[in-house]
6 protein chains.
Amino acid sequence: MSDYEELDDPKSQPRYTGIPTFMRTAFTDNLSKVDIGLVGVPWDGGTTNRPGARHGPREVRNQSSLMRTHNQSTGVAPYELCNIFDVGDAWVKKPFEISGALDEIQEFFEILHKANVKPISIGGDHSITLPILRAIAKDKPLGIIQFDAHCDTGDDYLGSPLHHGATFRRATEEGLIDPKRTVQIGIRGGTVLPDLWRFSRESGMRIVTMDELYETGADAIIEEARQIVGTEPTYISFDVDGLDVVFAPGTGTPEVGGFSSYEALRMLRGLGGLNIVGGDVVEIAPPFDPSGVTAITGAALMFEILCLVAESHANEK
Amino acid sequence: MSDYEELDDPKSQPRYTGIPTFMRTAFTDNLSKVDIGLVGVPWDGGTTNRPGARHGPREVRNQSSLMRTHNQSTGVAPYELCNIFDVGDAWVKKPFEISGALDEIQEFFEILHKANVKPISIGGDHSITLPILRAIAKDKPLGIIQFDAHCDTGDDYLGSPLHHGATFRRATEEGLIDPKRTVQIGIRGGTVLPDLWRFSRESGMRIVTMDELYETGADAIIEEARQIVGTEPTYISFDVDGLDVVFAPGTGTPEVGGFSSYEALRMLRGLGGLNIVGGDVVEIAPPFDPSGVTAITGAALMFEILCLVAESHANEK
Amino acid sequence: MSDYEELDDPKSQPRYTGIPTFMRTAFTDNLSKVDIGLVGVPWDGGTTNRPGARHGPREVRNQSSLMRTHNQSTGVAPYELCNIFDVGDAWVKKPFEISGALDEIQEFFEILHKANVKPISIGGDHSITLPILRAIAKDKPLGIIQFDAHCDTGDDYLGSPLHHGATFRRATEEGLIDPKRTVQIGIRGGTVLPDLWRFSRESGMRIVTMDELYETGADAIIEEARQIVGTEPTYISFDVDGLDVVFAPGTGTPEVGGFSSYEALRMLRGLGGLNIVGGDVVEIAPPFDPSGVTAITGAALMFEILCLVAESHANEK
Amino acid sequence: MSDYEELDDPKSQPRYTGIPTFMRTAFTDNLSKVDIGLVGVPWDGGTTNRPGARHGPREVRNQSSLMRTHNQSTGVAPYELCNIFDVGDAWVKKPFEISGALDEIQEFFEILHKANVKPISIGGDHSITLPILRAIAKDKPLGIIQFDAHCDTGDDYLGSPLHHGATFRRATEEGLIDPKRTVQIGIRGGTVLPDLWRFSRESGMRIVTMDELYETGADAIIEEARQIVGTEPTYISFDVDGLDVVFAPGTGTPEVGGFSSYEALRMLRGLGGLNIVGGDVVEIAPPFDPSGVTAITGAALMFEILCLVAESHANEK
Amino acid sequence: MSDYEELDDPKSQPRYTGIPTFMRTAFTDNLSKVDIGLVGVPWDGGTTNRPGARHGPREVRNQSSLMRTHNQSTGVAPYELCNIFDVGDAWVKKPFEISGALDEIQEFFEILHKANVKPISIGGDHSITLPILRAIAKDKPLGIIQFDAHCDTGDDYLGSPLHHGATFRRATEEGLIDPKRTVQIGIRGGTVLPDLWRFSRESGMRIVTMDELYETGADAIIEEARQIVGTEPTYISFDVDGLDVVFAPGTGTPEVGGFSSYEALRMLRGLGGLNIVGGDVVEIAPPFDPSGVTAITGAALMFEILCLVAESHANEK
Amino acid sequence: MSDYEELDDPKSQPRYTGIPTFMRTAFTDNLSKVDIGLVGVPWDGGTTNRPGARHGPREVRNQSSLMRTHNQSTGVAPYELCNIFDVGDAWVKKPFEISGALDEIQEFFEILHKANVKPISIGGDHSITLPILRAIAKDKPLGIIQFDAHCDTGDDYLGSPLHHGATFRRATEEGLIDPKRTVQIGIRGGTVLPDLWRFSRESGMRIVTMDELYETGADAIIEEARQIVGTEPTYISFDVDGLDVVFAPGTGTPEVGGFSSYEALRMLRGLGGLNIVGGDVVEIAPPFDPSGVTAITGAALMFEILCLVAESHANEK
């Protein structure tokens, strides 16, 4: 029992007030009442250049107070469709070794999965998607819609099979994702090999380069992505470096010449009606984000994914 | 009489020199020779989240030294068309109570209005547009072309009918603007109600969402806006949060997914030949603008509005 | 019941993880188990120049994860002495009018006071100390040890008797503080009147200017302060502008030429054994603090005050 | 002989390591083995407003570690086509007088030119292009593809015929460039004269304003540029203020409303197959670039020009 | 005649309002009523490393709104002692050549000098002190109290006898200052020669290193300085790099290990009663000052010098 | 052979020019001619909170161009005493596991050690000191003079015996340092245990807290340190978090209330004449250092250590 006026709805307070949870949802560690769990994964041990994504969850929690309850563009009102809570952080007790660290992250998501909680996560670097998929895609490979400058289907790098640039290769190899139901949008930048993303190509993933996105347009690309992933369960993984560096300066491997924030929001909104079982927004590195735009944009992307998962969850029932 | 070489034309000095007035125009408090007055309104007491727009006029004055005299795109040369001065700030003596503060601002603009000075203002938050309209639209409601992420036709909030998100509702209720001659461009973002902008809709304002702007294109939207406001007197109110957050990070309520600076300039230029009697650029909050781009962009928007008002003023004669 | 490993001790997690409460204490709104409540007061409506202190509580919560459990200098271990919780924010529902806003803040602290919770607060601007004192000093005036560049015993300003520069005059007039048991340390800067702090002088407050602090040394000043406040209940109010501007750039009215962070910590530590019933750290304005040092320093000051109040609380028993 | 494992390929090291040369190429001052020389020109004495471009080469060297070896969009792998080295800085011994300073820069490039090294330079302000052209275009005027907000064909300014806004007028007058084979893309912003770029117009340069670029599209403009410069030797000069100010805030004369980074990359890529003999990226001013995006983008532009020159060099043989 | 309430006393307005003149004094170009002129000298063409001091006057004007009217430490109220105005900028028409540029600056100060206006200037780099002295010390050499990390008595550098590190050598050679009445306080940092400041030593200047200042204390050093300069006319030149780099990060040649802001203010205050005929604060480079502390501190230093000159001026009469 | 004027002495170039090596020394990988090697160790995998020190070497290289050749305070001219080169980075090929990473770093320093090169390193986090000591202290334990806020003699943390807070415990256990000849200066801040630094105490290290440093003074502490380490070989390890957070905001575990930069320089200078065989400056994290002061200060600390090692090296001969 509370001694003073309970804060039943933090979302009604002025936005600069209160302890910052994701989108000012209530925090809970009682998963029985949770349909969708908003999770922080403060891990950047898979980074190959600029670290700092471990600070991503905090800063996105802070800036996500700007988010509201109804999606003006699609009409979706996620909080009316399901029970949404901030369920805290999948933090790592032994961060000095990557393989065990990813196992720890996996354990957290296994608990959520067992409790039928659909996770939407803020990274952390892109290596976190592997343990998430290990937790939620054990039974059947998921389709993937990935927004990213890089396919992240590289091989071992700097002596490790695990790092933020190999996630989707490892996930494919482990049978966690269906490469034929995988779309990678925004690919660009230089490469260190003539055919760096051969694994993507050969495994059947659909690579959409920035050039193709520019030439074809976001709507057509999304229409194709819908066809590719179909009605089966699909996961959305949004690496903010898919955005142009000015829309996401606060990231570990920035790439010049990406899509805009509006295009990102539009593409996400275009995925309405699909069977979206979870998602993540990764590679937000606040120390490189002096104006805060990357975290603000990350919060907006999280809200769009939340609307998709909420709608999908409601459709299930 | 000056003892040393008079600075007759501050605009010919190097840009980093001198006391910064708006666009390096001369300052005057003798309104008899002024056709268009450039005004600062350092008031952010109507802000509901991040304050700081009170510092907007100073920083725009500083950055507006980058502006020049001729509009290369439209050919308009405002300083050849009318007498333009920086007429100082509509500052508030009693800032701790919003209603009286807005009255003070109104008094300043009433003096300008009586002197037949057309005002172009830098805010300050969007609540300043209400007292400006109270001063200049007493006789007859004005048409409004508003660039903004939010319609600002909300109702009471945080216990007050006056705040930066209710300006155009209050102005309509007070008969200061004609909702049928009001266009709101760039609307987007989440809302806290399913139909937050019902007042806009029901009163007959034309809401142009970012989705519609993206799909239809800036030129067509502006053509429609021209039809809506027609040849009657019209006021332009530009809230910089209409721009995407990366084009205007220094603002109080940033919204991801807006239009670009080029689109903004192009839309303003497309309003040439209308009967534009004044305008404002609001919600520039320098403390959130580490690179200064928001103030620089605000200065460029102010120059475009200046060209429109100057051209309109010249056409009157 | 929690479904996954409960986070019993957030302070044992890596510091960059988790939802940021003050010093990684647990949050509670059940005051029955609380001895000391850590409170945010996100209010800057009493500011006369640069706003932004409303964002102080959030940023101090974030940076206070750097704090630990034992005071290496004094040996005090506050968490072993009493029950300490983050009790949330004293946020304001109607922020557009200062008098009512301060009443709202007062109500929050009255609830704490009735529950025998000693408050340690992070502002917000210095006007918040008045409603705190109204709540906790009703029965008997408190002694005050104030660290500040300004005495804050000014009179009406900008049309209001309530603002961040008049707090201790109003508190004296209302019988909330005993001016003879009030010490003001760090006073400096220009003034707008020859004898701006006459009220302090005439009411019997002890003003310690920076010049005197430099000449006499921190230890002697603190020894005198101990004599002045004696063994009666005393409140500590720390305005970060008492620090030199380089130690606290993120503040509303910065003053050049103040004391250092080490001197601040040392002076606070010198107050051990006094009867300290509460305290606050105010005027932290994160938008003006690009490197975060002001919030980090504010967290360290809060920890010192916590140690004093905890020790005092333990001595009571 | 090296005592420890030689760093044969700095590009294979993690990107945050090592002494930063341009794109992690080896440094040499033995020009006999160099086909393309990457050069810094740390000179901003031709700047008329915000200085700082002298720090450009260092910061681009630092950020260019993000660049890789293969152009994913065009397929060009420059390091497989020719020998590319960082050849250091064309620094100025007597920077206090502009005419002699430009002569010093010219001497540096003459040495490169005699050694058959094709230069790709990072400025510095745009005045550096004149001495580069004086060194490499002595025999025959070059075609120019210039990306810029300003034509830089102004006349004397602030008492000097040499400054960063007169480069291409002086180069034309000196017979270094062929105005009929000169294209200027991205021109916009206010002007101080009704026809500021008359020299461009009258000498036969093709001015592509931002309005035209927006209306016609980047691909068509580039197709026209290809026709204009033809198969004769051509030089690319990229002033980053051609980009919108948010894509290049760190510059000396920012202009609102420019093209995007993607459009810039696409236009450069569209120049493949032409006879490109060198190029520069100028006006990167790191002190105005808190997030580093301008230098990152500058590095990406440099890589595109490198691919063009490498391809052209390979075709020669 | 003014049409609306004239702003007779800008210093009574809220500090964030109005067009920023130095310390919110009125601007005038009628020197007949001026005793002390506050001048900006936006020139950084004498800089040998990081430029940007040309932006110093603007940013100090902006931040100097924090200054007030009475010196709480010394009791001096300058505005009651003499007529003080912002007299604008000594800007340079031909900035591309240093010798002529300094002549232009000299002309500005000669006009002031002829009008019996005592100048207090904000630079600009330290080369500006030479033309100021040329204007005001023609008749008789002045004593100098210089606060600085460097003696600035170097010889030709980078091909020029004029630069910001040779000012006081050139001034001595020209008979403008009396080296025996010159004190240089705060000297430190590495040197490029074993005895870099030989000129200072041999000409009889008193060099006070940081080591000596630390060991002897500010009060004793100032007492000695008073003896050295005596009662004859003396000029104060304050290079902000005398301060430690954390107190003045925004400067061209920062030096670690300097004195603090408090020590600076105290030393200046200790000069009361001397015959101070002018002064300057130089080398404030805002692009390197993200938190603004350098400009804020520069404004406070200017106010102290103003108090000294005002007091001295009043004593004259 | 060079084709153009060789850059024989980069230190004579203007400071903003050239490829940045440490202090503008020449780079070499031929160790036969090197007495003192300046090394970068871009590793921050031992960090427990804010990462980013991997970027330290680059930024210190950049800012160290501000350093000169002669120590004005002590008279030492290191470049006249021995051969000093930038020998590049001890970079890590397999950064995803800490134990192997430290082994890689050790290998680099073993090569230097075998070549009789005395290393002065820029970290990286404080875990780098362990492999350096493993390489250079194999034969006989070294004395240590450590400047730090933390003793770094903690035990396993976050599952690892290796991390930046356990370096000097592990080094003692491995017989690399003599705890009786170890002095730790600047210790402060909260702790998570009542006696966190018990290992330091019990092994005989001399802990000098900030309180003791403040009370006793830097000169007396250094005199004692000289006695403790005596004439035997000694290593200096400078963690920049020993400085107050405002002097070193760019660090991984900032602590409020430390010593100043001047005190740091003075303490280092006080170690002249000791037998100093190497040193490091660690924990500089540029992403948290918006004004660059931490890197500038780190460069100055490196220069002082260089003077000590050079003098010591010269004395050997």
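A residue is called buried when its relative accessible area is under 20%. In the predicted model described here, B:Arg170 is buried by this criterion because its relative accessible area is 9%. The residue belongs to helix α5 of chain B, which spans residues 167–173. When residues up to four places away in sequence are not counted, B:Arg170 touches B:Leu130, B:Asp155, B:Asp156 and B:Pro161.

A second buried position was examined in chain E. E:Gly154 is situated in a loop, with β5 (142–147) on one side and α5 (167–173) on the other. Its relative accessibility is 10%, and E:Gly154 therefore counts as buried. Beyond its neighbours within four places in sequence, E:Gly154 is in contact with E:Gly165, E:Ala166, E:Arg169 and E:Trp197. The sequence separation between E:Gly154 and E:Phe199 is 45 residues, while their C-alpha atoms are 7.5 Å apart in space.

The overall form of a single chain was described for chain A. Its secondary structure consists of 10 helices and 10 strands. The radius of gyration of chain A is 18 Å, which is close to the 20 Å given by the globule rule for 317 residues; chain A is therefore as compact as a globular protein of that length. Along the principal axes, the C-alpha atoms of chain A fill a box of roughly 65 × 45 × 40 Å. Of the 317 residues in chain A, 72% are buried. Contacts in chain A between residues at least 6 apart in sequence were also considered, and 77% of these join residues at least 24 apart.

The surface and the charges of chain A were then considered. The accessible surface of chain A amounts to about 9,000 Å², and carbon and sulfur atoms account for 49% of this area. Chain A carries 28 positive and 46 negative charges, and the mean positions of the two sets are 2 Å apart.

Strand pairing was followed in chains D and F. In chain D, strand β6 covers residues 177–187, and nine of its 11 residues are buried, so the strand is largely enclosed by the rest of the structure. Strand β5 of chain D, formed by residues 142–147, runs parallel to β6(D) and is joined to it by five bridges. Within this arrangement, D:Ile145 stands opposite D:Val183 of β6(D).

In chain F, strand β9 comprises residues 276–282 and is mostly covered, with seven of its seven residues buried. Two pairings of β9(F) were identified. Strand β4 of chain F (residues 118–123) is parallel to β9(F), and three bridges join the two strands. Strand β8 of chain F (residues 234–239) also pairs with β9(F) in the parallel sense, over six bridges. One residue of β9(F), F:Val281, appears in both pairings: F:Ile122 stands opposite F:Val281, and F:Val281 is likewise the bridge partner of F:Phe238. In a regular strand, the side chains alternate between the two faces of the sheet.

Finally, two pairs of chains were examined for contact. Chain A and chain E do not touch, and their nearest C-alpha atoms are 11 Å apart. Chain B and chain F are likewise joined by no contact, and the closest C-alpha atoms of this pair lie 11 Å apart.

Methods. Residues are numbered from 1 along each chain as its sequence is written. Chains are lettered from A and ligands numbered from 1 in the order in which they are written. This is a predicted model: local features need pLDDT of at least 70, side-chain atom pairs count only at pLDDT 80 or more; totals for chains, interfaces and linings use all residues. Side-chain values use heavy atoms; hydrogens and water are left out. Helices (H or I, at least four residues) and strands (E, at least two) are DSSP runs, numbered from the N terminus. The radius of gyration is taken over C-alpha atoms; the globule rule is 2.2 Å times the number of residues to the power 0.38. Buried means under 20% relative accessible area, exposed over 50%, partly exposed in between (1.4 Å probe, protein chains only). Contact means heavy atoms within 4.5 Å. Accessible areas come from the Shrake-Rupley method with a 1.4 Å probe; for residues, only the protein chains shown count as cover. Lys and Arg count as positive and Asp and Glu as negative; His and the chain ends are not counted. The place of a charge is taken as NZ of Lys, CZ of Arg, CG of Asp or CD of Glu. Two strands pair if DSSP finds at least two bridges between them.
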